[in-house]
Amino acid sequence: MGIQQAVVNTLDDAGTRTIIVRADAGAGLDDSVLARLHRLSSVATAVGFGDPVDATNSYLPGGTRVAAHTFYSLSPAQLGIQGTDSVDNAIASPEALEELGMAEPSGSISTVDGLEYPVTAQLDVPDHLAFMEPLIVIPRESSPDESQQGEPLTVLVVVANQASEVPQLTAVLRSVLGVSDPESVSIELSGDLIELRELVDSQLASSGRSLTLLIFTVTAVLVTATLTALIMLRRRDYGRRRALGASQRLICALVLTQTSTIAIVGSAAGAILAFAVLAASGVPQPPWQYFLAVASLATAIGSVSAVTPAVVAARRDPARELRVP
């Protein structure tokens, strides 16, 4: 189960939780939408980008042009943008720095409309913004007051907390965008990744359930066979107890109590050992509820599997058993 969750989380990190909104110029989408999205519990993060403008290295006239975007976010620290010192400065990804001919984040860029911005930091682009590469952002302050008219956006990237919340969030998204022309806005989803995530999750879950069922079935058969063999070896002991007045119910209770005690101790020891081995090897671990459920189920199967051998032991004829050499 731990590996299953790790695989699903990897697919989630690849972009299944990402919703991309693209708006034409004049659509009315502005950064005030970030405050409205911030109130939704299903939203992990949301960032907006203004209309891109081509920029070049100020010290390399005629160099490669890279698109620079004004950037808006209520939580810029999620991208490593700290404080207000970065406002109106340019922050470039490693790919953008390479395109600009910069070995490190220093110098400045010049836009085609004659503005110049100092490059002050390198941007580590997260997976959900990889489609924007090569990326240069010029952070701007975004007001948390959703009632104020904000700065225009052309791209809005929203990341849901869980991939399963994407369909519901997409349905709600159009109602909070606040655009004047809904037809000028398009919403893109990672449909193929979402389908792949659901397929992998269901197949891994099905395979895990089948394997667990097989293991417990084999366990039940082995417990029944082992107890039957032990009862045959101790048939004189049970016959002696019956001859001394022990009832069939008492013999059943004796066998079930012994088996249940061994099952509890064995299940607890197995769960602790499995947890320790997984922790030591660095393999993703399932939640503690899984260990508890497996240990409880193993104990229950061990106890139930002992019912048939206990009934067999209780119904043996004491006179016949005592005659066994």
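**Helix α8, a lone salt bridge and a buried threonine**

Helix α8 covers residues 288-305, 18 residues in total, and runs 26 Å from its first C-alpha to its last, close to the 26 Å expected at 1.5 Å a residue. Keep in mind that this is a predicted model. Besides the helix, two other spots get a look here: a salt bridge between Arg65 and Asp54, and Thr154, which sits in a loop.

**Helix α8**
- Several α8 residues are buried, namely Phe291, Ala295, Thr299, Ile301, Gly302, Ser303 and Ser305.
- As a rule, an α-helix has 3.6 residues a turn, so residues three or four places apart point the same way.

**The salt bridge**
- Search the whole structure and you get 1 salt bridge.
- Arg65 pairs up with Asp54 in a salt bridge, with 3.9 Å between the closest N and O atoms.
- This pair ties together distant parts of the chain, 11 residues apart: Asp54 belongs to strand β3, while Arg65 is in the loop between β3 (53-57) and β4 (66-73).
- Arg65 counts as exposed because its relative accessible area is 55%, over the 50% cut-off.
- Asp54 comes in at 33% relative accessibility, so it counts as partly exposed.

**Thr154**
- You'll find Thr154 in the loop that connects β8 (136-139) and β9 (155-160).
- Thr154 has a relative accessible area of 13%, under the 20% cut-off, which means it is buried.
- Setting aside neighbours within four places in sequence, Thr154 is in contact with Val21, Arg22 and Ala23, and also with Phe49, Gly50, Asp51 and Pro52.

Definitions and conventions: Residues are numbered from 1 along each chain as its sequence is written. This is a predicted model: local features need pLDDT of at least 70, side-chain atom pairs count only at pLDDT 80 or more; totals for chains, interfaces and linings use all residues. Side-chain values use heavy atoms; hydrogens and water are left out. Helices (H or I, at least four residues) and strands (E, at least two) are DSSP runs, numbered from the N terminus. Buried means under 20% relative accessible area, exposed over 50%, partly exposed in between (1.4 Å probe, protein chains only). Contact means heavy atoms within 4.5 Å. The expected span of a helix is 1.5 Å times one less than its number of residues. A salt bridge is a side-chain nitrogen of Lys or Arg within 4 Å of a carboxyl oxygen of Asp or Glu.
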